[in-house]
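Student: Could you take me through one part of this model, slowly and closely? I would like to see how charged side chains pair up there, and then how that part compares with some other spots in the chain.

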Amino acid sequence: MRAKTNAGGNFNWIAPVYDALAFCVFGHRLQRAQTVFLDRIPPNASLLILGGGSGWLLEQVLLTCRPKQVLYLEASSQMLSLASQRMVRKSLVGSVEFRVGDESSLKSDERFDGIFTPFVLDLFTEQTLASSMIPQLCNVLKTAGVWIVADFVKPKIGWQKALLWTMIRFFQLTAGIQTQRLADWQKLLVEAGLTCEKCRTQVGGMVSAEVWIRP
Ligand SMILES: C[S@@+](CC[C@H](N)C(=O)[O-])C[C@H]1O[C@@H](n2cnc3c(N)ncnc32)[C@H](O)[C@@H]1O
């Protein structure tokens, strides 16, 4: 039987160099965008970090938010391994479950006070987001929960459009992502019944950090 392929690609090959590449292009700005709204997470929360990569955000979440428990759900076993090694090095493992998989690996009784999707929604087509990823994540978000997104948004400036096009082609080639263009994930979150509570533009307007809630 063939294994199910993740529409968001396979980042195993690129995992060892992903952070260095992101730093070369954006410096620390993508990391900063992910932490803008960490103060929105209440203490003792149960959190889902989906597609957190090599673990930088997880470290910040554990140090800043003091959560009760975290599910670190990563489609790439290599990324997951980097993240768990990082937590061991920093003696921060306590309340984290590291799980290889995607949103379909969530259990039917799992519910979270907070969900993070850091630079993950941009990997998917609108169809996949609308029909699969967003409904599955809404399903595990508690009624009063918050969904924190940091991601690329449609750029208006020429060089930013060229950079985004190059990044999508790059991840098509190296990770096999299926999307050809950036999905309008904000529109899809609204269509899923969520409301944007706060947003802050980052990286010269090509990234947005946002908090989404149920109205
Ligand atoms: C572009 S990288 C961003 C990594 C990290 N968030 C960062 O900003 O450094 C996307 C990450 O999402 C993971 N990913 C892709 N699709 C996923 C899915 N459906 N469920 C969980 N993780 C996924 C990839 O393995 C990869 O680590």
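Tutor: Happy to! Let's start at Lys 90, which is partly exposed, with a relative accessible area of 41%. Salt bridges with shared partners tie Lys 90, Glu 59 and Arg 86 into one network. Keep in mind as we go that this is a predicted model.

Take the links of that network one by one. The side chain of Lys 90 meets that of Glu 59 in a salt bridge, at 3.4 Å from N to O. This pair brings together distant parts of the chain: Lys 90 sits in the loop between α4 and β3 (96–100), Glu 59 belongs to helix α3, and 31 residues separate them. Glu 59 also has a salt bridge with Arg 86, where the closest N and O atoms are 3.0 Å apart. Here too, distant parts of the chain are linked, with Arg 86 in helix α4 (residues 77–89) and Glu 59 in helix α3 (residues 56–65), 27 residues apart.

Now, which of the three residues are buried? Glu 59 counts as buried because its relative accessibility is 9%, and buried means under 20%. Arg 86 falls under that cut-off as well, so it is buried, at 15%. Lys 90, at 41%, lies between the 20% and 50% limits and is therefore partly exposed. If you trace the network in the viewer, Glu 59 is the residue to begin from, with one salt bridge to Lys 90 and another to Arg 86.

How many salt bridges are there by this rule? The count comes to seven. Another of them joins the side chains of Glu 197 and Arg 40, at 2.7 Å from N to O. Look at how far apart these partners are along the chain: Glu 197 is in strand β6 (residues 195–202), Arg 40 is in the loop between α2 (29–35) and β1 (46–50), and their positions lie 157 residues apart. Glu 197 has 33% relative accessibility and counts as partly exposed, and Arg 40, at 24%, counts as partly exposed too.

Next, a little context from a record. In an unreviewed entry, UniProt lists residues 49–145 as "domain: Methyltransferase". The C-alpha atoms at the two ends of residues 49–145 lie 14 Å apart, and the span is 39% helix and 26% strand.

For another spot to visit, try Pro 135 in helix α5 (residues 126–140). It is partly exposed, with a relative accessible area of 36%. Leaving out residues up to four places away in sequence, Pro 135 touches Leu 129 and Ala 130. Its C-alpha atom is 22 Å from that of Ser 76, a residue 59 places away along the chain.

Finally, here are two backbone details to look up. Arg 66 has a phi near 50°, which is a positive value in a residue other than glycine. You will find Arg 66 in the loop between α3 and β2 (69–74), and it counts as exposed because its 58% relative accessibility is over 50%. Val 203 also has a positive phi, of about 50°, although it is not a glycine. Val 203 lies in the loop between β6 and β7 (207–213), but it is buried, with a relative accessible area of 9%.

Definitions and conventions. Residues numbered from 1 in each chain as written. Predicted model: local features only at pLDDT ≥ 70, side-chain atom pairs only at ≥ 80, totals over all residues. Heavy atoms only, no water. Helix = DSSP H or I, 4+ residues; strand = E, 2+ residues; numbered from the N terminus. Buried < 20%, exposed > 50% of the residue type's maximum accessible area, 1.4 Å probe, protein only. Contact = heavy atoms within 4.5 Å. Salt bridge = Lys/Arg side-chain N within 4 Å of Asp/Glu carboxyl O. UniProt positions renumbered as here; feature names shortened; annotations may be inferred.
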